Amino acid sequence: MTAELNRVFVLPSDVLLIPVGELGQSTRDRLNGESGDVAISRPLSRRPSSIVDANAAGLLTLFRTPSTVVDAILQYSRANSLDARVVLQSAFPLVERLVREGVLLPSDDERAKAIEESVMRGDTIGDFTVVDRVQMLEDVEIHRARAVSGQFVALKIARAAYVDRLRRALGREAAILQRLNARAAPRLVAEDLASARPWIALEWCAGVSPTRVGHEIRTSGIDVQTELLGLCGRIAQAYANLHEAGVLHGDVHDRNVLVDKHGQVTLLDFGISVVVDDAAPASAPRGGIPEFYDPQFAEAQWAGTPAPVLDAAAEQYSVAALLYLIVVGHSYCTLSMRREEALRQIVEMAPLSFAEQGAAEWPALERVMQRALSKAPAERYGSMRALADAIGAVAVPVKETVTLSRQHDRQRFTSALCERLEPGGPLFSHGLPAVPLCSVNNGAAGIAYAFYRMAAARGDARLLACADAWTARARAWMSEPEAWYTRDGLVTKRQVGPNALYHSATGLYCVEALIALASGDHVRAEGCSNEFVVATRERTPHLDITLGKAGLVVGTLLMLEASPDAWPTLRKRGKELVGFLERRLRSWGPVSDERALRYLG
């Protein structure tokens, strides 16, 4: 580092310096920072946030413009009337750490550029056309793309600054996916590891993270423990299948597990996975997210010693940490956001009981979790299959059986409601008993959206037809005096604005576009999206989700997410709305002090 004192470094433009005092209390507690400290964070980076004091942050801001370490320290010293030699001596360890961690980067380093999308919708990669972006990190981009045959794939592409490392990682992932042959993992469709930007294409798997599914189960109130146990069992079985195929994943966390609408589990991202037989590809470095580190790896990281080789017992600990998070909604111990302290906690702290986390006691499952989360590898289950079997043997408390009658009542209620709202029924034929007639919040568009969501959840074409019929009914009622607002003054244009997603024609156009997409009528869907764009241009004073521009952004995203096509007009309008919101919000002070912001939604 001494030889690089005169090298020009820069703080990338997308690195955020956030005063700790502006963060929420729970985040401040995890950071263990003082009120004058500053958090350093780079969105889309794999590096966790770190903390520096206010003086260090002041020095760091001087690197927003490329500068040598010596010049920055001289400038800082002059501005604060300090001895430059003293400042250099005290600041040198910090600067050295920030350079080592990749926060400060050589100005000519490709990594110093803002992390921005480099592959755009419509670009062609191999035989695939990019449809939309799924995820972007500093080293890799993942896009949904479509083959000439119409097949959708997940396209994983190395970013320019990380080509050499990603070429190896993508090659390893391709080899492992071929070995697994769609067992607990996506199928490999194509690859090009020799190109300037190496990539692999995987079969497209729809789904959401297991922590999201766990949250939905916990908040549903219906068969909660039965559903949670089934989800955990399927995830444990997926990892057991992986291990029995001779593969250790190496990067267990909630975003690397996908759960589809039928509950099927797919494991993702095998870039640092290893094969445990003689035919293994090149060994991979240890990695992952600290929350899911096993104690032996965490201890090595804490001590700065070589990482132990990944084995099945270590991965079992990581999987158990994920399952605990799914069941309880919190990590098995409350980890500090300071890396060194978090590593110490993983090594030393026993898992919290469910009751300590504010969850219902579940002794049988807690015993399974406690064993799999044992600090000593020899005390854990003998294999992932043994852990999966132990979860399968856990009994659901007797009180859960009462939910069966509640579920039956719920199904009866839903069936009766659908029958009452079906085309040909009295409400459809003779009109709704209350106004407004057409809105998402109060009228026909909301009924259409409810049918659409039920149709999607059940895969039911009849319910989708009902949804479509209600959008037609809303169209027919649009000329009525109380289509969107009421004469009695309870819902007026002045109150809710001219184009609120929940209260105006924008909501109907959005719902109809979603239904048309689900029906395969892309021409009609894009027509609805264009009507939506026109309707959003009427000026509104509101910014929040319920009444204002933020809600229009939500509607835009719902349609773009559902559409396989580009829809440039809608995308452009969405960017305009987001840009307006960003400019307006940045012009205001802190939320707690800003009086012009009437709604916090």
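Q: When does a charge sit over a ring?
A: A charge sits over a ring if NZ of Lys or CZ of Arg is within 6 Å of the ring centre and within 35 degrees of the ring normal. The model here is a predicted one.

Q: OK. Which residue lies over the face of Phe428?
A: Arg473 does, at 4.4 Å from the centre of the Phe428 ring.

Q: And what sits over the ring of Phe580?
A: The charged end of Lys549, 4.5 Å from the ring centre.

Q: Now rings against rings. How many aromatic pairs?
A: The count is 7 aromatic pairs. One of them joins Tyr449 and Tyr452, with 5.9 Å from centre to centre and 35 degrees between the planes. That pair counts as tilted because stacked planes are under 30 degrees apart and edge-to-face planes over 60.

Q: Where do Tyr449 and Tyr452 lie?
A: Both are in helix α15, residues 444–458. They are 3 residues apart, which is about one turn of the helix.

Q: Is Tyr452 buried or exposed?
A: Tyr452 counts as buried, at 16% relative accessibility. Tyr449 has 24%, so it counts as partly exposed.

Q: What about Trp470 and Trp477, how are their planes set?
A: The planes are at 65 degrees and the ring centres 6.3 Å apart, so this pair is edge-to-face. Both of these Trp residues are buried.

Q: Which residues do ring pairs link into a cluster?
A: Phe428, Trp470 and Trp477. Phe428 is also the ring with Arg473 over its face.

Q: Switching to salt bridges. How many in the whole structure?
A: The search finds 29. In general, side chains of opposite charge can pair when their charged atoms come close.

Q: Which residue forms a salt bridge with Lys156?
A: Asp269, with the closest N and O atoms 3.1 Å apart. The two come from distant parts of the chain, 113 residues apart. Asp269 is in the loop between β15 (265–267) and β16 (274–275), while Lys156 is in strand β10, residues 152–158.

Q: Is Lys156 buried or exposed?
A: Lys156 has a relative accessible area of 9%, so it is buried. Its partner Asp269 is partly exposed, at 21%.

Q: What do the side chains of Glu482 and Arg487 form?
A: They meet in a salt bridge, at 3.3 Å from N to O. Glu482 is buried, with a relative accessible area of 16%, whereas Arg487 is exposed at 64%.

Q: Which residues do shared salt bridges join into one network?
A: Asp468, Arg475, Glu512, Arg524 and Glu531.

Q: And the side chains of Glu110 and Lys113? What meets there?
A: A salt bridge, again with 3.3 Å from N to O. Glu110 is partly exposed, with 37% relative accessible area, and Lys113 is exposed, with 51%.

Q: Empty space next. How many cavities of 30 Å³ or more?
A: There are 2. The largest has a volume of about 100 Å³. It is lined by 15 residues, and those closest to its centre are Gly250, Val252, Gly287, Phe292 and Ser318.

Q: Which helix gives the most to that lining?
A: Helix α9, residues 312–328, with 3 residues. By class the lining has 7 nonpolar, 4 polar and 4 charged residues.

Q: And what lines the second largest cavity?
A: Tyr324, Leu352, Ser353, Phe354, Glu366, Met369 and Gln370. Its volume is about 30 Å³. Helix α11, residues 363–372, supplies the largest share of the lining, 3 residues. The classes here are 4 nonpolar, 2 polar and 1 charged.

Q: Last topic, the backbone. Where is a cis peptide bond?
A: It joins Val435 and Pro436, with omega at about 5 degrees. Pro436 is in the loop between α14 (426–430) and α15. Most peptide bonds are trans, and most residues other than glycine have a negative phi.

Q: What is phi of Trp567?
A: It is near 50 degrees, a positive value in a residue other than glycine. Trp567 lies in the loop between α20 (549–562) and α21 (568–586). At 2% relative accessibility it counts as buried.

Q: And phi of Leu44, what value?
A: Positive too, near 75 degrees. Leu44 is in the loop between β3 (38–41) and β4 (50–52). Leu44 is partly exposed, with a relative accessible area of 34%.

Technical notes: Residues are numbered from 1 along each chain as its sequence is written. This is a predicted model: local features need pLDDT of at least 70, side-chain atom pairs count only at pLDDT 80 or more; totals for chains, interfaces and linings use all residues. Side-chain values use heavy atoms; hydrogens and water are left out. Rings of Phe, Tyr and Trp (its six-membered ring) pair if their centres lie within 6.5 Å; planes under 30 degrees apart count as stacked, over 60 as edge-to-face and the rest as tilted. Helices (H or I, at least four residues) and strands (E, at least two) are DSSP runs, numbered from the N terminus. Buried means under 20% relative accessible area, exposed over 50%, partly exposed in between (1.4 Å probe, protein chains only). A salt bridge is a side-chain nitrogen of Lys or Arg within 4 Å of a carboxyl oxygen of Asp or Glu. On a 1 Å grid over the protein atoms alone, a cavity is a set of points where a 1.4 Å probe fits but cannot get out, and a pocket is an open set with protein on both sides within 12 Å along at least five of seven lines; lining residues have an atom within 4 Å of a point. Grid points are joined across faces, edges and corners, and a volume is the space filled by probe spheres set on the points. Ala, Val, Leu, Ile, Met, Phe, Trp, Tyr, Cys and Pro count as nonpolar, Asp, Glu, Lys and Arg as charged, and the others, Gly among them, as polar.
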